[in-house]
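Biologist: Before I plan anything at the bench, I would like to go through this model with you, question by question. Could you show me the sequence and the structure to begin with?

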Amino acid sequence: MEYIRITSIEDPLFTQMHNLMKSIFPPEEVLAFDLWKEPLQDPDIRVFVAVHEGQVIGSTEYRYVTALNVAMTDFTIIGMPGLGIGRFLYKNRERDLDQLAAEAGIQMLGMFAEIYDPYQSIDLEFGGVTPMNPIVRREVLSHLGYQRLDFPYVHPSWGNDGEAVDGLDFCFMPKDDQMAALPGQLIVDFLSWYYSVLPNKPQAWLDMIEQLKETAEVALRPL
C-alpha cells in the first residue's frame with residue numbers, strides 16, 4: 001500500500017478519491033470537484049490517498065496550523081474492510097504531522113475533528129462500508145484519544161448554500177492526556193479560519209461562534 005499526496009484535480013488519483021468520497025459521505029459534506037483546485041494547491045492542506053494495486057482504497061485530508069499550534073483531521077475514508085487501511089492512514093498522518101511540528105520547533109497541542117454522533121446520524125449508510133459506520137468510527141476515534149468539546153456544534157454546509165449541518169460533535173485529541181479543556185477563543189480562531197473559504201455562513205453557526213467568544217474554557221468530555 002502506498003501513501004501518496006494529491007496536489008491537483010488533474011491527477012487521476014484525485015478523480016478516484018472524489019468518487020470514493022461521493023460514495024461514502026452525504027452530499028452536503030462533499031466539496032464539488034472543481035472547487036478542490038485551490039485547496040489542493042494550498043501547502044497547508046494535505047490530502048493523501050492509500051493506493052493498493054493502482055486503486056484508491058482510502059484517503060485522508062488534514063492540516064496543521066502553525067500559528068495556533070493545532071491540527072485538524074478533515075476526513076478519513078476507509079474504502080473497504082480487512083486491509084488495515086485505517087491504521088495505515090493514521091500512522092502515516094501522525095508521522096507527517098510530527099515532522100511538520102518538528103520543523104516549526106514546537107510540540108503540537110493536539111488535533112481537532114468533526115465526529116458524527118451516531119444517535120443523531122443513524123440513517124447515514126456511508127456507502128455500506130462497515131468501518132465507516134458512525135458507531136464504529138466514533139469508538140475507534142475514542143480509543144485514539146479524541147474527546148468531545150462540550151458545546152452544541154453545527155457547521156456550514158460545504159455546498160456553500162448557507163445551511164447549517166448538525167449531527168456532529170466537534171472534538172479534540174490533546175497531546176497531553178491530562179488536558180481537560182480548551183480556551184473558547186482558540187476554538188473560535190480555528191473555526192473562523194477553517195470555514196473562511198465558505199462565505200455563506202448560517203445564522204446558527206454565527207450564533208455558536210458568538211457564544212464561544214464569551215466562553216473562557218470549553219470542557220473535554222468522553223465520546
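Modeller: Contact, as I shall use the word, means heavy atoms within 4.5 Å, and please keep in mind that this is a predicted model.

Biologist: With that in mind, which residues is valine 56 in contact with, leaving aside its neighbours within four places in sequence?

Modeller: Valine 56 is found in strand 3, which covers residues 55-65. Because its relative accessible area is 9% and buried means under 20%, valine 56 counts as buried. Leaving aside the neighbours within four places in sequence, its contacts are Leu13, Gln16, Met17, Leu20, Val49, Ala50 and Val51.

Biologist: Which side chain of opposite charge is nearest to arginine 93, and how far away is it?

Modeller: Arginine 93 has its place in helix 3, residues 85-104, and not counting residues up to four places away in sequence, it touches Tyr3, Thr60, Tyr62, Thr73, Thr76 and Met111. Arginine 93 is buried yet has no salt bridge, a salt bridge being a side-chain nitrogen of Lys or Arg within 4 Å of a carboxyl oxygen of Asp or Glu. The nearest side chain of opposite charge belongs to glutamate 94, at 8.6 Å.

Biologist: Turning to the open spaces, which residues lie closest to the centre of the largest pocket?

Modeller: About 1000 Å³ of space lies in the largest pocket. Of the 44 residues that line the largest pocket, those closest to its centre are Glu61, Thr73, Asp74, Phe75 and Thr76.

Biologist: How many residues of each class, nonpolar, polar and charged, are in the lining of the largest pocket?

Modeller: Several elements supply at least two residues each to that lining, among them strand 3, strand 4 (70-78), helix 3 and strand 5 (110-116). Sorted by class, the lining of the largest pocket holds 29 nonpolar, 5 polar and 10 charged residues.

Biologist: Which element gives the most to the lining of the second largest pocket?

Modeller: The second largest pocket has a volume of about 200 Å³, and of the 14 residues that line it, Tyr90, Glu94, Met108, Met173 and Lys175 lie nearest its centre. Two or more residues of this lining come from each of helix 3, strand 5 and strand 9 (168-174). The element that gives the most, with 5 residues, is helix 3.

Biologist: Which element gives the most to the lining of the largest cavity?

Modeller: The structure holds 1 cavity of 30 Å³ or more, and the largest cavity is lined by Glu114, Ile115, Tyr116, Pro134, Arg137, Arg138 and Leu141. Strand 5 and helix 4 are the elements that give two or more residues to this lining. The most, 4 residues, comes from helix 4.

Biologist: Is glutamate 53 buried or exposed?

Modeller: Glutamate 53 lies in the loop between strand 2 (45-52) and strand 3, and its phi is near 55 degrees, a positive value in a residue other than glycine. Most residues other than glycine have a negative phi. Because its relative accessibility is 72% and exposed means over 50%, glutamate 53 counts as exposed.

Biologist: And asparagine 69, is that residue buried or exposed?

Modeller: Asparagine 69 has its place in the loop between strand 3 and strand 4, with a phi near 60 degrees, again a positive value in a residue other than glycine. Since its relative accessible area is 18% and the limit for buried is under 20%, asparagine 69 is buried.

Conventions
Residues are numbered from 1 along each chain as its sequence is written. This is a predicted model: local features need pLDDT of at least 70, side-chain atom pairs count only at pLDDT 80 or more; totals for chains, interfaces and linings use all residues. Side-chain values use heavy atoms; hydrogens and water are left out. Buried means under 20% relative accessible area, exposed over 50%, partly exposed in between (1.4 Å probe, protein chains only). Lys and Arg count as positive and Asp and Glu as negative; His and the chain ends are not counted. On a 1 Å grid over the protein atoms alone, a cavity is a set of points where a 1.4 Å probe fits but cannot get out, and a pocket is an open set with protein on both sides within 12 Å along at least five of seven lines; lining residues have an atom within 4 Å of a point. Grid points are joined across faces, edges and corners, and a volume is the space filled by probe spheres set on the points. Ala, Val, Leu, Ile, Met, Phe, Trp, Tyr, Cys and Pro count as nonpolar, Asp, Glu, Lys and Arg as charged, and the others, Gly among them, as polar.
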